Amino acid sequence: GEGSRETFEILSLVGTFSPRGHHLHMSVSDSSCATYGGHVLPGCIVHTTAELVLGDVRGGTRFVREEDARTGYKELHVDQEP
């Protein structure tokens with residue numbers, strides 16, 4: 001499918017950006033105030049504006065995705081550079 005052409009209001013956008021990629025989750029609301037959420041994927045188009053505040057983590061902190069032996073998923077781990 002091609003996806004929805006309806007316009008939505010962004011309620012929240014959280015996640016991580018790194019040189020290795022991104023992982024973002026968004027909650028949106030339609031004109032009847034129904035709320036939807038999920039992963040942000042290529043093809044999401046901002047109709048007017050999106051106000052974003054980004055934080056910069058420095059000081060040797062790194063974000064890496066490592067496979068969790070219990071779940072089999074690549075989970076986010078935050079640690080210090082060796």
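How many residues lie between strand 4 and strand 5 in the hairpin that they form, and which residue in the turn has a positive phi? Strand 4 and strand 5 are joined with 6 residues between them, and the residue in the turn with a positive phi, of about 85°, is Gly72. The model is a predicted one, and the points below take up an open sheet of 3 strands, the pairing of strand 4 with strand 5, a salt bridge between Arg62 and Asp79, and a nonpolar patch on the surface.

**The open sheet**

- The sheet is open and consists of 3 strands in the order 1-2-3, and the pairing within it is antiparallel.
- Strand 1 (9-18) and strand 3 (35-39) stand at the edges of this sheet, and because each has a single partner strand, one side of each is left without a neighbour in the sheet.
- On average, and with direction ignored, neighbouring strands of this sheet are turned by 10° against each other.
- In general, the strands of a sheet pair through backbone hydrogen bonds, and they do so either parallel or antiparallel.

**Strand 1 with strand 2**

- The antiparallel pairing of strand 1 with strand 2, which covers residues 21-29, runs over 9 bridges, and the hairpin that joins strand 1 to strand 2 passes through 2 residues.
- Ser18 has Gly21 of strand 2 opposite to it, while Ile10 has Val28 as its bridge partner in strand 2.

**Strand 2 with strand 3**

- Strand 2 and strand 3 also pair in the antiparallel sense, here over 5 bridges, and Ser27 has Gly37 in strand 3 as its bridge partner.
- These two strands form a hairpin with 5 residues between them, and Cys33 is the residue in the turn that has a positive phi, of about 75°.
- Cys33 takes this positive phi although it is not a glycine, and its place is in the loop between strand 2 and strand 3.
- Is Cys33 buried or exposed? With a relative accessible area of 63%, Cys33 is exposed, because the cut-off for that class is over 50%.

**Strand 4 with strand 5**

- Strand 4 (residues 61-67) pairs with strand 5 (residues 74-80) in the antiparallel sense over 7 bridges, and within this pairing Val64 stands opposite His77 of strand 5.
- The side chains of Arg62 and Asp79 meet in a salt bridge with an N to O distance of 2.7 Å, and the pair links distant parts of the chain, with Arg62 in strand 4 and Asp79 in strand 5, 17 residues apart.
- The count of salt bridges by the rule applied here comes to 1.
- In general, side chains of opposite charge can pair when their charged atoms come close.
- Arg62 has a relative accessible area of 23% and is therefore partly exposed, and Asp79, with a relative accessible area of 26%, is also partly exposed.
- When neighbours within four places in sequence are left aside, Asp79 is in contact with Gly60, Thr61 and Arg62.
- Asp79 and Cys33 are 46 residues apart along the chain, and their C-alpha atoms are separated by 39 Å.

**Phe8 and its surroundings**

- Phe8 has its place in the segment before strand 1, and it is partly exposed because its relative accessible area is 34%.
- Which residues does Phe8 touch, not counting residues up to four places away in sequence? They are Val28, Ser29, Asp30 and Tyr36, and among them Val28 is also the bridge partner of Ile10.
- Phe8 and Leu76 are 68 residues apart in sequence, and their C-alpha to C-alpha distance in space is 29 Å.

**The nonpolar surface patch**

- A nonpolar patch on the surface is formed by Ile10, Leu13, Phe17, Val46, Leu52 and Leu54, which together have about 590 Å² of accessible area.
- Phe17, one of the residues of this patch, lies in strand 1, and it counts as exposed because its relative accessibility is 55%, where the cut-off is over 50%.
- In general, the side chains of a regular strand alternate between the two faces of the sheet.

How values were computed: Residues are numbered from 1 along each chain as its sequence is written. This is a predicted model: local features need pLDDT of at least 70, side-chain atom pairs count only at pLDDT 80 or more; totals for chains, interfaces and linings use all residues. Side-chain values use heavy atoms; hydrogens and water are left out. Two strands pair if DSSP finds at least two bridges between them. Helices (H or I, at least four residues) and strands (E, at least two) are DSSP runs, numbered from the N terminus. Axes are lines fitted to C-alpha atoms, for helices over the stretch in contact, and angles run from 0 to 180 degrees between N-to-C directions. Patches are made of residues with over 30% relative accessible area and no salt bridge: like charges are joined within 9 Å, nonpolar side chains (Val, Leu, Ile, Met, Phe, Trp, Tyr) within 5 Å. Accessible areas come from the Shrake-Rupley method with a 1.4 Å probe; for residues, only the protein chains shown count as cover. A salt bridge is a side-chain nitrogen of Lys or Arg within 4 Å of a carboxyl oxygen of Asp or Glu. Buried means under 20% relative accessible area, exposed over 50%, partly exposed in between (1.4 Å probe, protein chains only). Contact means heavy atoms within 4.5 Å.
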